[in-house]
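User: Hey, I've got a structure open and I'm new to this. Can you walk me through it?
Analyst: Sure, let's put it up and go through it together.

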Amino acid sequence: MKIGVLGGGQLGRMLGLAGIAMGHEFVFYDDGERPCAGPVGEVRPLAELGPLRDLDVLTYEFENVFEAVDRAYRQEVIVAPGRRAIEVSSDRLTEKDYFTSLKIPTARYRPFDNPATFDEAVAQIGYPCVAKTRRFGYDGKGQMVLQGEQDREACLAMAGEKPMVLEAFVPFSREVSLVCTRAANGQKVFYPLVENWHRDGILITTLAPAPGLTPELQEQAEGYVGAIADELAYVGTLAVEFFQIHDELMASEMAPRVHNSGHWTIEGAETSQFENHIRAITGSPLGSTAAIGMSAMFNLIGIQPNPDMILSMPGAHLHWYGKEVREGRKVGHVTVRSDSEADFGRNIAMASAMIAPS
Ligand code: AMP
């Protein structure tokens, strides 16, 4: 099939790599100068978004493409996942309202867009809290933690005229996420819950499966994510990030696409999140999500380590996105797969020393 992808970043590149193996062709809609996905398909301008007639299906690899998806609908091409998934998730307020409508716990929140509504929101939520821009915020950008009144001015300066949301600070024990793929016929497959480490709001490491994962916690996460996938009649791969507090999960945010915390599945699961996304949107049967041993995924952020040093590590796999290295930019990732707990511990320590930013 000929698959169109809105966006041509690393997620598009990895979707392409998985789909080409199954005989598909790709067109990436991207206005960047040298999109990462360029080597795995044709590139067309996103701004013009045309022509779409020759596509069998259109998908997306980032969520700020609502207008493009809307235009695609008018051209009557099949879009998977559908428009509502983007509508819900591209605004933090509608996303939280959506979690609440499905009875999925989330941090208490209030919108604000000026000093008066900010003060009302603080009166409801209390300190400490986190202020976030409702739209176009990702990787910790457009957000700040407020400890008390002393942070009010800085927060209002950051917010400016933008619509914001204020949420209670969650004293989580750890952050976890669940990746699910749903087919058009309603079949759902779930990967094991994974543990995520962030630095400055950016994902740096994923441990898969999450250490100490219990069947109860997995079931809780599957219940929440399954409810979202079914309600949206979702087709494709979907990720939800959670805060874990003792044995309870609280939804933090969702991504209607393949997700950074699912990159480990390329080597660490029977079928990768990318392959399952392509299978879902092309109407093929979904593949097993079973983990093969244990994996640790390390993002390469603004650094270019010696590839041979990484590849000399047992079980290590390097993914380089072909981007120019810039501070704070995700330029690749490394997955280290292990078969035993002992190897896992040793491999994580070795990889962290080599890769993790100090
Ligand atoms: P987000 O962009 O919403 O994923 O936030 C980025 C990171 O900031 C999260 O992964 C957390 O580490 C932290 N964070 C965000 N919201 C909260 C919160 N309400 N309480 C505590 N930490 C938070």
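User: How far is a polar side-chain atom of His198 from an oxygen atom of the ligand?
Analyst: The distance is 3.4 Å. That fits within the cut-off for a polar contact, which is a pair of N or O atoms within 3.5 Å; within protein, one atom must be able to donate a hydrogen and the other to accept it, and residues adjacent in sequence count only if both atoms are side-chain atoms. One caution up front: this is a predicted model, where local features need pLDDT of at least 70 and side-chain atom pairs count only at pLDDT 80 or more, while totals for chains, interfaces and linings use all residues. Also, residues are numbered from 1 along each chain as its sequence is written, and side-chain values use heavy atoms, with hydrogens and water left out.

User: OK. How much of the ligand's accessible area does the protein cover?
Analyst: The protein covers 91% of the 470 Å² that the ligand has on its own. Those areas come from the Shrake-Rupley method with a 1.4 Å probe, and for residues only the protein chains shown count as cover.

User: What are the distances from the ligand's oxygen atoms to the side chains of Glu175 and Glu253?
Analyst: For Glu175, an N or O atom of the side chain is 2.5 Å from a ligand oxygen. For Glu253, the value is 2.7 Å.

User: How many residues surround the ligand?
Analyst: There are 14, and the closest are Lys132, Glu167, Val170, Glu175 and Glu253. A residue gets onto that list if one of its heavy atoms lies within 4 Å of the ligand.

User: How do they divide into nonpolar, polar and charged?
Analyst: Six are nonpolar, three polar and five charged. Here Ala, Val, Leu, Ile, Met, Phe, Trp, Tyr, Cys and Pro count as nonpolar, Asp, Glu, Lys and Arg as charged, and the others, Gly among them, as polar.

User: Which strands each supply at least two of the shell residues?
Analyst: Those are β6 (129-133) and β8 (164-168). By the way, helices (H or I, at least four residues) and strands (E, at least two) are DSSP runs, numbered from the N terminus.

User: And where does the ligand lie in terms of domains?
Analyst: Domain 2 (108-168) and domain 3 (174-355) both give residues to the shell, so the ligand lies between them. The domain bounds come from an automatic or database domain assignment.

User: New topic. How many disulfides turn up in the whole structure?
Analyst: Zero. A disulfide would be a pair of cysteine sulfur atoms within 2.5 Å.

User: Is Cys36 buried or exposed? And Cys180?
Analyst: Cys36 is buried, because its relative accessibility is 7%, and Cys180 is buried at 1%. Buried means under 20% relative accessible area, exposed over 50%, and partly exposed in between (1.4 Å probe, protein chains only).

User: What about the backbone, which peptide bonds are cis?
Analyst: The bond from Tyr127 to Pro128 is cis, with omega near -10°, and Pro128 sits in the loop between α5 (115-125) and β6. Another cis bond runs from Ala208 to Pro209, also with omega near -10°. You'll find Pro209 in the loop between β12 (202-208) and α7 (215-231).

User: Why point those out?
Analyst: Because most peptide bonds are trans, and most residues other than glycine have a negative phi. On the phi side, Glu76 has a positive value near 60°, and Asp200 has one near 50°.

User: Where are those two?
Analyst: Glu76 is in the loop between α2 (66-74) and α3 (83-89), and it's exposed, with a relative accessible area of 73%. Asp200 lies in the loop between β11 (194-199) and β12, exposed at 70%.

User: Now helices. How many residues of α9 are buried?
Analyst: Seven of the nine residues in α9 (residues 273-281) are buried, so the helix is mostly covered. Among them are Gln273, Phe274 and His277. Following α9 comes Gly283, with a positive phi near 75°.

User: Which side chain does Gln273 share a polar contact with?
Analyst: That's His263, at 3.3 Å. His263 is in the loop between β14 (248-255) and α8 (265-268), and counts as buried because its relative accessible area is 2%.

User: Last one: how far apart are Phe118 and Val165?
Analyst: They're 47 residues apart in sequence and 9.0 Å apart in space, C-alpha to C-alpha. Phe118 is part of helix α5, and it's buried at 0% relative accessibility.
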